[in-house]
Amino acid sequence: VEDAHHWTADQVRAAAGVQAGDLYRAGLAENMRATLLAAYRAAGFSDVRVRVSATTDAASETVGLTVMVKEGRRQLLRGVEVDGAPRTNPALVQRALRLEPGTPVDPAAWNQARKRLYDTGVFRSVDITAVPVEEVAGADSGGTDQPVVARVALEEWPLYRLRYGLQVIDEQAPAGEADSRGQVGVVADLTRQNLFGRGITLGTAARSDTVQQAGRGFMVFPTFLGQAIKSNLFLSQLRETFGSAGNKTISQRRRLTLEQQLKPQDGLTLSYSYNFERNHTFAADFDPNNPFAFDLTVDVARLSTSAVMERRDDLFDATRG
(Lines give C-alpha, C1' and ligand atoms only; values in the text may rest on other atoms or scores of the structure.)
Protein backbone atom coordinates (compact mmCIF):
# COMPACT_ATOMS: atom_id res chain seq x y z
CA VAL A 1 0.00 0.00 0.00
CA GLU A 2 1.46 3.36 -1.08
CA ASP A 3 0.61 7.00 -0.32
CA ALA A 4 -2.24 6.27 2.14
CA HIS A 5 -2.20 8.80 5.00
CA HIS A 6 -5.57 8.83 6.74
CA TRP A 7 -5.78 5.04 6.72
CA THR A 8 -3.02 2.65 7.69
CA ALA A 9 -1.90 -0.05 5.30
CA ASP A 10 -3.74 -2.63 7.38
CA GLN A 11 -6.96 -0.60 7.14
CA VAL A 12 -6.61 -0.41 3.34
CA ARG A 13 -6.01 -4.15 3.11
CA ALA A 14 -9.03 -4.85 5.30
CA ALA A 15 -11.23 -2.55 3.22
CA ALA A 16 -10.04 -4.22 -0.01
CA GLY A 17 -11.18 -7.60 1.27
CA VAL A 18 -8.20 -9.45 -0.25
CA GLN A 19 -5.64 -11.43 1.74
CA ALA A 20 -2.37 -13.12 0.95
CA GLY A 21 -3.04 -16.68 -0.15
CA ASP A 22 -6.29 -15.87 -1.99
CA LEU A 23 -6.66 -17.29 -5.48
CA TYR A 24 -5.87 -14.64 -8.09
CA ARG A 25 -8.53 -14.43 -10.79
CA ALA A 26 -9.06 -12.16 -13.78
CA GLY A 27 -10.72 -8.93 -12.68
CA LEU A 28 -9.55 -9.19 -9.06
CA ALA A 29 -7.49 -6.00 -9.26
CA GLU A 30 -10.41 -4.01 -10.73
CA ASN A 31 -12.79 -5.41 -8.11
CA MET A 32 -10.33 -4.35 -5.40
CA ARG A 33 -10.19 -0.87 -6.86
CA ALA A 34 -14.00 -0.53 -6.96
CA THR A 35 -14.30 -1.84 -3.39
CA LEU A 36 -11.70 0.60 -2.08
CA LEU A 37 -13.30 3.54 -3.90
CA ALA A 38 -16.67 2.71 -2.32
CA ALA A 39 -15.12 2.33 1.15
CA TYR A 40 -13.20 5.60 0.93
CA ARG A 41 -16.19 7.54 -0.41
CA ALA A 42 -18.38 6.19 2.38
CA ALA A 43 -15.77 7.59 4.79
CA GLY A 44 -16.00 11.07 3.24
CA PHE A 45 -13.17 10.96 0.66
CA SER A 46 -15.15 12.08 -2.37
CA ASP A 47 -12.06 12.89 -4.52
CA VAL A 48 -10.12 9.69 -3.78
CA ARG A 49 -8.19 8.03 -6.58
CA VAL A 50 -7.05 4.41 -6.43
CA ARG A 51 -4.84 2.38 -8.73
CA VAL A 52 -4.07 -1.31 -8.34
CA SER A 53 -1.16 -2.89 -10.26
CA ALA A 54 -0.14 -6.54 -10.38
CA THR A 55 3.35 -8.06 -10.61
CA THR A 56 3.58 -11.74 -11.55
CA ASP A 57 6.31 -14.10 -10.36
CA ALA A 58 6.16 -17.07 -12.74
CA ALA A 59 8.67 -19.11 -10.76
CA SER A 60 6.65 -19.12 -7.54
CA GLU A 61 3.29 -18.81 -9.34
CA THR A 62 2.33 -15.81 -7.22
CA VAL A 63 1.06 -12.31 -7.90
CA GLY A 64 1.95 -9.22 -5.92
CA LEU A 65 -0.56 -6.38 -5.77
CA THR A 66 0.39 -2.76 -5.23
CA VAL A 67 -2.32 -0.32 -4.17
CA MET A 68 -1.60 3.37 -4.79
CA VAL A 69 -4.01 5.76 -3.08
CA LYS A 70 -4.49 9.50 -3.50
CA GLU A 71 -6.94 10.14 -0.70
CA GLY A 72 -7.55 13.85 -1.08
CA ARG A 73 -9.31 15.75 1.69
CA ARG A 74 -11.98 14.10 3.79
CA GLN A 75 -15.33 15.89 3.69
CA LEU A 76 -17.02 16.37 7.06
CA LEU A 77 -20.54 17.75 7.42
CA ARG A 78 -20.52 21.14 9.14
CA GLY A 79 -24.24 21.90 8.87
CA VAL A 80 -27.41 21.68 6.80
CA GLU A 81 -29.14 24.50 4.89
CA VAL A 82 -32.69 23.94 3.66
CA ASP A 83 -34.31 26.10 1.00
CA GLY A 84 -37.66 25.83 -0.75
CA ALA A 85 -40.00 24.45 1.93
CA PRO A 86 -41.92 27.51 3.18
CA ARG A 87 -45.09 25.59 4.07
CA THR A 88 -43.49 22.49 5.58
CA ASN A 89 -42.71 21.97 9.26
CA PRO A 90 -38.88 21.96 9.62
CA ALA A 91 -39.07 18.93 11.92
CA LEU A 92 -40.52 16.88 9.06
CA VAL A 93 -37.54 17.74 6.84
CA GLN A 94 -34.95 17.08 9.55
CA ARG A 95 -36.56 13.77 10.46
CA ALA A 96 -36.33 12.63 6.84
CA LEU A 97 -32.76 13.89 6.27
CA ARG A 98 -31.05 12.28 9.31
CA LEU A 99 -27.78 14.09 8.46
CA GLU A 100 -25.67 14.66 11.57
CA PRO A 101 -23.02 17.45 11.67
CA GLY A 102 -19.54 16.11 12.25
CA THR A 103 -20.06 12.90 10.28
CA PRO A 104 -18.25 12.08 7.00
CA VAL A 105 -20.09 12.83 3.78
CA ASP A 106 -21.35 9.45 2.53
CA PRO A 107 -22.95 9.65 -0.97
CA ALA A 108 -24.99 6.49 -0.33
CA ALA A 109 -26.40 7.93 2.91
CA TRP A 110 -27.25 11.18 1.12
CA ASN A 111 -29.06 9.21 -1.60
CA GLN A 112 -31.13 7.54 1.10
CA ALA A 113 -31.87 10.94 2.65
CA ARG A 114 -33.09 12.19 -0.72
CA LYS A 115 -35.29 9.11 -1.12
CA ARG A 116 -36.79 9.62 2.36
CA LEU A 117 -37.70 13.20 1.44
CA TYR A 118 -39.44 11.99 -1.71
CA ASP A 119 -41.23 9.32 0.33
CA THR A 120 -42.93 11.99 2.44
CA GLY A 121 -45.01 12.85 -0.62
CA VAL A 122 -44.51 16.56 0.04
CA PHE A 123 -41.80 17.39 -2.52
CA ARG A 124 -41.77 17.16 -6.28
CA SER A 125 -38.02 17.94 -6.47
CA VAL A 126 -35.17 17.23 -4.02
CA ASP A 127 -31.51 18.08 -4.54
CA ILE A 128 -28.73 17.78 -1.94
CA THR A 129 -25.35 19.37 -2.74
CA ALA A 130 -22.13 19.40 -0.70
CA VAL A 131 -20.77 22.97 -0.66
CA PRO A 132 -17.28 23.47 0.84
CA VAL A 133 -17.33 25.89 3.77
CA GLU A 134 -14.55 28.03 2.27
CA GLU A 135 -16.86 28.74 -0.67
CA VAL A 136 -19.55 29.78 1.81
CA ALA A 137 -17.59 31.79 4.36
CA GLY A 138 -14.16 32.33 2.82
CA ALA A 139 -12.49 30.02 5.35
CA ASP A 140 -8.94 28.72 5.09
CA SER A 141 -8.70 25.94 2.49
CA GLY A 142 -5.80 24.20 4.21
CA GLY A 143 -5.92 21.10 6.38
CA THR A 144 -6.61 17.45 5.70
CA ASP A 145 -10.35 17.70 6.39
CA GLN A 146 -12.74 19.75 4.29
CA PRO A 147 -15.84 20.98 6.14
CA VAL A 148 -18.91 21.16 3.91
CA VAL A 149 -22.49 22.33 4.21
CA ALA A 150 -25.31 20.16 2.87
CA ARG A 151 -27.41 22.52 0.78
CA VAL A 152 -30.88 20.99 0.41
CA ALA A 153 -32.97 22.52 -2.39
CA LEU A 154 -36.63 21.51 -2.21
CA GLU A 155 -39.67 22.17 -4.35
CA GLU A 156 -43.04 21.43 -2.78
CA TRP A 157 -46.01 20.03 -4.60
CA PRO A 158 -48.89 22.50 -5.00
CA LEU A 159 -51.29 22.39 -2.05
CA TYR A 160 -54.23 21.34 -4.19
CA ARG A 161 -54.46 19.04 -7.18
CA LEU A 162 -57.68 18.59 -9.13
CA ARG A 163 -57.97 16.09 -11.95
CA TYR A 164 -61.10 15.34 -13.96
CA GLY A 165 -62.01 13.75 -17.21
CA LEU A 166 -64.17 11.39 -19.24
CA GLN A 167 -63.90 7.65 -19.63
CA VAL A 168 -65.22 5.62 -22.54
CA ILE A 169 -65.96 1.94 -21.96
CA ASP A 170 -65.17 -0.16 -25.02
CA GLU A 171 -65.34 -3.62 -23.51
CA GLN A 172 -67.87 -6.26 -24.52
CA ALA A 173 -69.68 -7.80 -21.55
CA PRO A 174 -69.76 -11.59 -21.03
CA ALA A 175 -72.74 -13.47 -22.40
CA GLY A 176 -75.85 -12.99 -20.28
CA GLU A 177 -74.80 -9.63 -18.84
CA ALA A 178 -75.81 -6.15 -19.88
CA ASP A 179 -73.46 -4.83 -22.53
CA SER A 180 -71.70 -1.68 -21.37
CA ARG A 181 -69.88 -0.93 -24.62
CA GLY A 182 -70.07 2.67 -25.73
CA GLN A 183 -70.89 3.98 -22.27
CA VAL A 184 -69.38 7.27 -21.17
CA GLY A 185 -68.50 8.03 -17.57
CA VAL A 186 -66.95 10.86 -15.61
CA VAL A 187 -64.02 10.69 -13.19
CA ALA A 188 -62.54 13.25 -10.80
CA ASP A 189 -60.24 13.43 -7.80
CA LEU A 190 -59.19 16.25 -5.48
CA THR A 191 -56.09 16.08 -3.27
CA ARG A 192 -54.93 18.42 -0.52
CA GLN A 193 -51.17 18.06 0.04
CA ASN A 194 -49.12 18.82 3.15
CA LEU A 195 -52.00 19.53 5.53
CA PHE A 196 -50.88 21.71 8.49
CA GLY A 197 -47.33 21.57 7.05
CA ARG A 198 -46.89 18.06 8.47
CA GLY A 199 -46.97 16.06 5.25
CA ILE A 200 -50.56 14.85 5.76
CA THR A 201 -52.40 14.16 2.50
CA LEU A 202 -56.19 14.39 2.32
CA GLY A 203 -58.09 13.39 -0.79
CA THR A 204 -61.30 12.25 -2.39
CA ALA A 205 -62.11 10.61 -5.71
CA ALA A 206 -65.27 9.71 -7.61
CA ARG A 207 -66.21 7.78 -10.73
CA SER A 208 -69.65 7.36 -12.30
CA ASP A 209 -71.16 5.67 -15.34
CA THR A 210 -74.38 3.76 -16.01
CA VAL A 211 -72.95 0.55 -14.51
CA GLN A 212 -70.72 1.68 -11.64
CA GLN A 213 -70.67 4.57 -9.18
CA ALA A 214 -67.65 4.72 -6.87
CA GLY A 215 -66.39 7.16 -4.29
CA ARG A 216 -63.30 7.12 -2.10
CA GLY A 217 -61.79 9.27 0.61
CA PHE A 218 -58.32 8.87 2.10
CA MET A 219 -55.82 10.36 4.54
CA VAL A 220 -52.09 9.66 4.59
CA PHE A 221 -49.98 10.43 7.68
CA PRO A 222 -46.16 10.35 7.29
CA THR A 223 -45.61 9.72 11.04
CA PHE A 224 -47.40 8.02 13.93
CA LEU A 225 -46.88 9.11 17.56
CA GLY A 226 -43.66 10.86 16.52
CA GLN A 227 -42.26 7.73 14.87
CA ALA A 228 -41.43 7.34 11.17
CA ILE A 229 -44.44 5.09 10.57
CA LYS A 230 -46.53 5.94 7.52
CA SER A 231 -50.27 5.48 8.19
CA ASN A 232 -53.04 5.32 5.61
CA LEU A 233 -56.81 5.52 6.10
CA PHE A 234 -59.15 4.67 3.21
CA LEU A 235 -62.94 4.84 3.03
CA SER A 236 -64.66 3.74 -0.16
CA GLN A 237 -68.07 2.84 -1.54
CA LEU A 238 -68.87 1.08 -4.80
CA ARG A 239 -72.31 0.57 -6.33
CA GLU A 240 -72.43 -1.77 -9.28
CA THR A 241 -75.30 -2.98 -11.47
CA PHE A 242 -74.91 -6.24 -13.35
CA GLY A 243 -77.01 -8.91 -15.01
CA SER A 244 -79.25 -8.94 -18.05
CA ALA A 245 -82.31 -6.78 -18.64
CA GLY A 246 -85.21 -7.80 -16.38
CA ASN A 247 -82.87 -9.72 -14.07
CA LYS A 248 -80.48 -7.06 -12.79
CA THR A 249 -78.70 -7.20 -9.47
CA ILE A 250 -77.21 -4.33 -7.49
CA SER A 251 -74.11 -4.73 -5.35
CA GLN A 252 -73.14 -2.09 -2.78
CA ARG A 253 -69.73 -2.44 -1.15
CA ARG A 254 -68.46 -0.24 1.66
CA ARG A 255 -64.85 -0.65 2.71
CA LEU A 256 -62.62 0.64 5.49
CA THR A 257 -58.85 0.10 5.28
CA LEU A 258 -56.26 0.96 7.93
CA GLU A 259 -52.64 0.47 6.88
CA GLN A 260 -49.24 1.27 8.35
CA GLN A 261 -45.74 1.08 6.90
CA LEU A 262 -42.50 1.24 8.82
CA LYS A 263 -38.85 1.00 7.89
CA PRO A 264 -36.80 -0.67 10.65
CA GLN A 265 -33.71 -0.08 8.50
CA ASP A 266 -32.87 1.53 5.18
CA GLY A 267 -33.96 -0.68 2.33
CA LEU A 268 -36.53 -2.69 4.32
CA THR A 269 -40.23 -1.76 4.44
CA LEU A 270 -42.75 -3.65 6.54
CA SER A 271 -46.47 -3.04 6.18
CA TYR A 272 -49.61 -4.39 7.79
CA SER A 273 -53.25 -3.55 7.29
CA TYR A 274 -56.80 -4.21 8.46
CA ASN A 275 -59.60 -4.23 5.92
CA PHE A 276 -63.32 -4.39 6.69
CA GLU A 277 -65.87 -4.68 3.87
CA ARG A 278 -69.67 -4.88 3.97
CA ASN A 279 -71.15 -6.26 0.74
CA HIS A 280 -74.90 -5.76 0.27
CA THR A 281 -76.25 -7.45 -2.85
CA PHE A 282 -79.93 -7.38 -3.79
CA ALA A 283 -82.28 -7.60 -6.75
CA ALA A 284 -82.83 -4.35 -8.62
CA ASP A 285 -86.62 -4.82 -8.33
CA PHE A 286 -86.38 -5.69 -4.64
CA ASP A 287 -89.73 -5.85 -2.86
CA PRO A 288 -89.40 -5.63 0.95
CA ASN A 289 -92.79 -7.36 1.31
CA ASN A 290 -91.59 -10.42 -0.62
CA PRO A 291 -90.06 -12.91 1.87
CA PHE A 292 -88.22 -14.64 -0.99
CA ALA A 293 -86.73 -11.49 -2.52
CA PHE A 294 -82.98 -11.68 -3.07
CA ASP A 295 -81.25 -9.58 -0.40
CA LEU A 296 -77.90 -10.66 1.03
CA THR A 297 -75.40 -8.82 3.30
CA VAL A 298 -71.92 -10.25 3.96
CA ASP A 299 -69.21 -8.78 6.20
CA VAL A 300 -65.59 -9.66 5.45
CA ALA A 301 -62.57 -8.67 7.57
CA ARG A 302 -58.97 -9.23 6.54
CA LEU A 303 -55.54 -8.83 8.12
CA SER A 304 -52.53 -8.75 5.84
CA THR A 305 -48.83 -8.00 5.99
CA SER A 306 -45.91 -7.68 3.59
CA ALA A 307 -42.18 -7.01 3.47
CA VAL A 308 -40.30 -5.20 0.69
CA MET A 309 -36.51 -5.26 0.35
CA GLU A 310 -34.81 -2.41 -1.55
CA ARG A 311 -31.08 -2.78 -2.16
CA ARG A 312 -30.39 -0.40 -5.07
CA ASP A 313 -27.30 1.74 -4.54
CA ASP A 314 -28.89 4.78 -6.21
CA LEU A 315 -32.52 5.75 -6.60
CA PHE A 316 -32.25 7.02 -10.20
CA ASP A 317 -29.08 5.43 -11.60
CA ALA A 318 -28.72 2.05 -9.92
CA THR A 319 -25.70 -0.13 -10.72
CA ARG A 320 -26.53 -2.93 -8.28
CA GLY A 321 -29.27 -4.12 -5.95
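**Questions on a predicted fold**

Residues 24 or more positions apart make up 51% of the contacts in this protein that have a separation of 6 or more. The model is predicted.

User: What does the secondary structure of the protein come to?
Analyst: Happy to start there. The protein has two kinds of element to tally, helices and strands. The total is five helices and 13 strands.

User: Why is the protein described as more spread out than a compact globule?
Analyst: Good one to check against a rule. For 321 residues the globule rule gives 20 Å. The C-alpha trace spans about 100 × 55 × 35 Å along its principal axes. The protein counts as more spread out than a compact globule because its radius of gyration is well over the rule's value, at 30 Å.

User: How many of the residues count as buried, as a percentage?
Analyst: The cut-off here is under 20% relative accessible area. Taken over the 321 residues of the protein, the buried share is 31%.

User: Which strands stand at the edges of the open sheet?
Analyst: Let's walk along the sheet. Its eight strands follow the order β6-β7-β8-β9-β10-β11-β12-β13, with antiparallel pairing, and the twist averages 10° from one strand to the next. An edge strand has a single partner, so one of its sides is left without a neighbour in the sheet. The edge strands are β6 (160-169) and β13 (295-309).

User: How many bridges join β11 to β12, and which residue of β12 does R254 stand opposite?
Analyst: Strand β11 covers residues 249-265 and β12 covers residues 268-283, and the two run antiparallel. They are joined by 15 bridges. Opposite R254, in β12, stands R278.

User: Is the pairing of β3 with β5 parallel or antiparallel?
Analyst: It helps to look at β5 (residues 145-156) from both of these partners. Strand β4 (residues 123-132) runs antiparallel to β5, with nine bridges, and F123 stands opposite E156. Strand β3 (residues 74-83) also has nine bridges to β5, and L76 stands opposite P147. The β3 pairing with β5 is parallel.

User: What is the orientation of α3 and α4 to each other?
Analyst: Helix α3 (residues 90-97) packs on helix α4 (residues 107-119) at about 140°, with the axes 8 Å apart. Angles over 145 degrees would count as roughly antiparallel, and 65 to 115 as roughly perpendicular. The two helices are therefore oblique.

User: Which residues make the contact of α3 with α4?
Analyst: By type, the contact residues divide into five nonpolar, no polar and one charged. From α4 come A113, R116 and L117. From α3 come V93, A96 and L97.

Conventions. Residues are numbered from 1 along each chain as its sequence is written. This is a predicted model: local features need pLDDT of at least 70, side-chain atom pairs count only at pLDDT 80 or more; totals for chains, interfaces and linings use all residues. Side-chain values use heavy atoms; hydrogens and water are left out. Axes are lines fitted to C-alpha atoms, for helices over the stretch in contact, and angles run from 0 to 180 degrees between N-to-C directions. Helices (H or I, at least four residues) and strands (E, at least two) are DSSP runs, numbered from the N terminus. Angles under 35 degrees count as roughly parallel, over 145 as roughly antiparallel, 65 to 115 as roughly perpendicular and the rest as oblique. Contact means heavy atoms within 4.5 Å. Ala, Val, Leu, Ile, Met, Phe, Trp, Tyr, Cys and Pro count as nonpolar, Asp, Glu, Lys and Arg as charged, and the others, Gly among them, as polar. Two strands pair if DSSP finds at least two bridges between them. The radius of gyration is taken over C-alpha atoms; the globule rule is 2.2 Å times the number of residues to the power 0.38. Buried means under 20% relative accessible area, exposed over 50%, partly exposed in between (1.4 Å probe, protein chains only).
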